[in-house]
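Thanks for coming, everyone. I'll take one pocket, one small sheet and two single residues. Let me put the structure up.

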Amino acid sequence: MNRCPNHQCRSKCEPNQGFCYSCGIAIKVCGACQHSKKITLNRADGFYCRRCGSVLPAPKRSQETATLFSPNKNNFLISTRLPLNERSDSFPLISSQANLWILTSNNNLKIISNHSKELSLYQPNTGRLNAEDLQMAIKYLEPITAPIVFRDRLILFGARKILSFSIHPNENRWLQNRQEVPLLENWRPIFNSEITCRINHIEVPILLTDRGKSILLRLSYDAILGKSPLENQPISSISDMLPITVLDLAGNYYWSKDLQTGLGKILYLTRQENSLILKPLNFSFFFFVRPVMLGERLYAITEDFRLVELVLQQGEIIRQRKLNQVDRGAHSLIVTQERIVVAVHQSLFFFDYQTGELMAIAQDIDPSHLFVDMKGDILAIHRTGKLLMINSSQPLERWGNEDASLDDSRIFDAFITGNSLYTLSENGEVCRFDFN
């Protein structure tokens, strides 16, 4: 089943590309079938695998691409752009592969159709869909987190309630079945925190406003639909830290902030049948550089600006190594097969993965985002918006002539999904670059 799921096309597709380049539709690969060494391509606007019936999760955001960058080839197969003409520097861009979803700074929900040859803004008619009513409901909600896609629904969290509606492509269900669920008193989702979607539930970082402490709330699909009371949903143990985002694929380690010291902390999440336990690691980090996890190895910048490697096992530090000292201007970190790359002011520092020795410095590069290919070469989005590829073994070797944005504003959000790089500028230009 490696052919296009569009019955009017049926062309053979490459599973890692994300699109049928014959008819243009977005496609998804079923992970359950892939685990059984089968390839099943599904329409990206569907929600269940056409072979095994498994739930198709929303695409994962990544810093890694399966393609290899090379100065001797055209690194991008296609690029497509869409200006929104509205400030968009509040919430990240969300992908369901068939569509992109963005809340602008004015809390307007923009729906972007994601086609192989173009990005186009969805313009709902104002008849049966009551699009104006939906936009008004979102404005009254005052969202404080980015939208999330969970199964066949888009979910928005406000300070006082949860709003969700169907995104099933059937014309009788698209943007219909709107549900609003009030949050409990003194429960407030943490601004711009990352909500983790699992197969049967989502996990939401919540601030207890009356106590100044935090919990994780597990919400089932029925709770989001208002069929199950919020009071009966499992919550975690109370933490003094502010959970921000998950660091690993399994969702066991959370990047968090100590509100008293302003330092970064790691929370280990233990899942039991009806309860969640949050346990902090006894180690502090520089909060503004998000750590990177590879398996159970964590690479991070400490509060005294040391590059360290920690080996973790079930929430315990079983080994730690101090690799090198970094400058106080550090603001980003990425790990390749042979190098640990730290962005400091307007330079990239390349450290040896094994020894921590400083191998090279790439100057005059001020990246807003960093990505890596399988070989270890770096893709940086420069502050000017230029997509710049860098040989991690010889950082003076650089190439690239594409612009991540043409509107002269800084890139606010960027991520890789499948075989494509998506960017969102502060002035609201959405771009997609498909790797060759």
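Start with the strand pair. Strand S5, residues 99-103, is joined to S6 by 5 bridges, and the two run antiparallel. Keep in mind that this is a predicted model.

Which residue of S6 does Asn-99 face? Asn-99 stands opposite Ser-113. Hold on to that pair. Both residues come back in a moment.

Now the whole sheet. This sheet is open and has 4 strands. The order is S4-S5-S6-S7, and the pairing is antiparallel. Strand S4, 94-95, sits at one edge, and strand S7, 119-121, at the other. Each of these edge strands pairs on one side only.

Next, the second largest pocket. Its volume is about 380 Å³. How many residues line this pocket? The lining is made of 20 residues. Nearest the pocket centre are Asp-45, Ala-98, Asn-99, Ser-113 and Pro-169. So there is our pair again: Asn-99 and Ser-113, which stand opposite each other, are both among the residues nearest the centre.

Which strand gives the largest share of the lining? That is strand S6, residues 109-114, with 3 residues. By class, the lining breaks down into 11 nonpolar, 6 polar and 3 charged residues.

On to the first single residue, Thr-417. You will find Thr-417 in strand S32, residues 411-417. Is Thr-417 buried or exposed? Thr-417 counts as buried, because its relative accessibility is 6% and the cut-off for buried is under 20%. The side chain of Thr-417 reaches the backbone oxygen of Lys-60, at 3.1 Å. Setting aside residues up to four places away in sequence, Thr-417 touches Pro-59, Lys-60, Arg-61, Gln-97 and Tyr-422. Lys-60 therefore shows up twice, once through that backbone oxygen and once in the list of residues touched.

The second residue is Ala-58. Where does Ala-58 lie? Ala-58 is in the loop between strand S2, 41-43, and strand S3, 76-83. Ala-58 counts as partly exposed, because its relative accessibility is 25%. Beyond its neighbours within four places in sequence, Ala-58 is in contact with Lys-28, Ser-95 and Val-149. Ser-95 takes us back to the sheet, at edge strand S4, 94-95.

One last distance. Ala-58 and Leu-121 are 63 residues apart in sequence. In space, C-alpha to C-alpha, Ala-58 and Leu-121 are 20 Å apart.

That's my set. Over to you for questions.

Technical notes
Residues numbered from 1 in each chain as written. Predicted model: local features only at pLDDT ≥ 70, side-chain atom pairs only at ≥ 80, totals over all residues. Heavy atoms only, no water. 1 Å grid on protein atoms, 1.4 Å probe; cavity = no way out; pocket = protein on both sides within 12 Å on 5 of 7 lines; lining within 4 Å. Points joined across faces, edges and corners; volume = space filled by probe spheres on them. Nonpolar A, V, L, I, M, F, W, Y, C, P; charged D, E, K, R; others polar. Pairing = 2+ DSSP bridges. Buried < 20%, exposed > 50% of the residue type's maximum accessible area, 1.4 Å probe, protein only. Polar contact = N/O pair within 3.5 Å; in protein donor to acceptor, adjacent residues only side chain to side chain. Contact = heavy atoms within 4.5 Å.
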